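Below is a short briefing on one protein model. It is meant to be read with the sequence and the coordinates open.

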Amino acid sequence: MFGLIVAGRMVQTDFEQVGLTKCVINVVNAKEVNHVVVFLTGAQSFPEGYGGQIFFCLPNPVTNEIGWSLLGNISNNKPSAIFKISNLKKSETWEQGKSITTSFFGQPAPISNNMTAQIGISIEPLSVIQESTPVDAATASTVSTFIEFSNKMLDNFINYISSFTTEPHGTVPVSLVKTWYENFQRRLHTNPYFWRN
């Protein structure tokens, strides 16, 4: 019923059922995985009014705690979805040992040097799925996000630099550009989404 694509690897369809409405699949060498695609194979569709919530689990490197993070969903009307898990692995929530849902699918694959992660699918009513909020870090980047970020960054740069000159075509020392860059990098490191405010 379900398939998983990891770039550069064969398609996986060996989901293991771990409950009446839940199944999981292992993703080996998860440290090297940036995106995953989860899809319906077409062999069977969801029952009317149902869909699948997609979860990601990777043991936390700091606490070894197991946690499931909601990535998004698929349904008969949206039979596939791509998720950027590289952001999730670097996110503040994951690094500090915080998890979204624990023990949702039972115990994950044994922790090993190859960092085995799991993708879980929970079949739920569409009304429940519509009320759920995936983690921000899992959203695949879009061109519009890059354009928005670039515009905000350049606006910030122009506002900063222009505050040091009163002439329309005035010059500013290179040290000001360097200071702006260091401040911007620091803010970006502290909160990767600060520019959205």
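The notes below cover confidence, overall make-up, the sheet, the cores and two residues. The model is predicted, with a mean pLDDT of 80 for the protein. The secondary structure comes to five helices and eight strands, and 36% of the 197 residues count as buried.

**Confidence**

- A pLDDT of 70 or more is reached by 77% of the residues, and the mean is 80.
- Residues 92-100 have pLDDT below 50, and this stretch has 24 contacts in the model beyond near neighbours in sequence.
- Residues 108-113 also stay under 50 in pLDDT. For residues 108-113 the model has nine contacts beyond four places in sequence.
- Where pLDDT is low, the predicted coordinates should not be read in detail.

**Overall make-up**

- Read from the N terminus, the order of elements is β-β-β-β-β-β-β-α-α-β-α-α-α.
- Taking the contacts between residues at least 6 apart in sequence, 70% join residues at least 24 apart.
- The exposed area of the protein is about 11900 Å², and 53% of it is supplied by carbon and sulfur atoms.

**The five-stranded sheet**

- Five strands form an open sheet in the order β2-β3-β8-β5-β6, and their pairing is antiparallel.
- Strands β2 (16-19) and β6 (68-75) are the edge strands, each pairing on one side only.
- From one strand to the next, the twist averages 30°.
- Strands of a sheet pair through backbone hydrogen bonds, either parallel or antiparallel.
- Strand β3 (residues 22-27) and strand β8 (residues 117-125) run antiparallel and are joined by six bridges.
- Across this pair, valine 24 stands opposite glycine 120 in β8.

**Nonpolar cores**

- The largest nonpolar core has 25 residues. Phe2, Leu4, Val36, Val38, Ile54, Ile74 and Ile119 have the most contacts inside this core.
- Two or more residues of the largest core come from each of β1 (2-6), β3, β4 (35-40), β5 (50-57), β6, β7 (80-84) and β8.
- Another core, of six residues, lies apart from the largest one and includes Val24, Phe55, Ile66 and Leu70.
- Valine 36 illustrates the packing in the largest core. Beyond four places in sequence, valine 36 touches Leu4, Ile5, Val6, Ala81, Ile82, Phe83, Ile85 and Ile119.

**Serine 75 and leucine 126**

- Serine 75 is part of strand β6.
- Serine 75 counts as buried because its relative accessibility is 9%, and buried means under 20%.
- Outside its neighbours within four places in sequence, serine 75 is in contact with Leu40, Phe46, Gly51 and Leu126.
- Leucine 126 belongs to helix α3 (residues 126-131).
- Leucine 126 has a relative accessible area of 29%, so leucine 126 is partly exposed, a class that lies between under 20% and over 50%.
- Setting aside residues up to four places away in sequence, leucine 126 touches Gly49, Tyr50, Gly51 and Ser75.
- Leucine 126 and glutamate 48 lie 78 residues apart in sequence, with 9.2 Å from C-alpha to C-alpha.

Definitions and conventions: Residues numbered from 1 in each chain as written. Predicted model: local features only at pLDDT ≥ 70, side-chain atom pairs only at ≥ 80, totals over all residues. Heavy atoms only, no water. pLDDT = per-residue confidence, 0-100. Contact = heavy atoms within 4.5 Å. Pairing = 2+ DSSP bridges. Helix = DSSP H or I, 4+ residues; strand = E, 2+ residues; numbered from the N terminus. Axes fitted to C-alpha atoms, helices over the stretch in contact; angles between N-to-C directions. Core = buried A, V, L, I, M, F, W, Y, C linked by side-chain atoms within 4.5 Å. Buried < 20%, exposed > 50% of the residue type's maximum accessible area, 1.4 Å probe, protein only. Areas by Shrake-Rupley, 256 points an atom, 1.4 Å probe, with all protein chains shown as cover.
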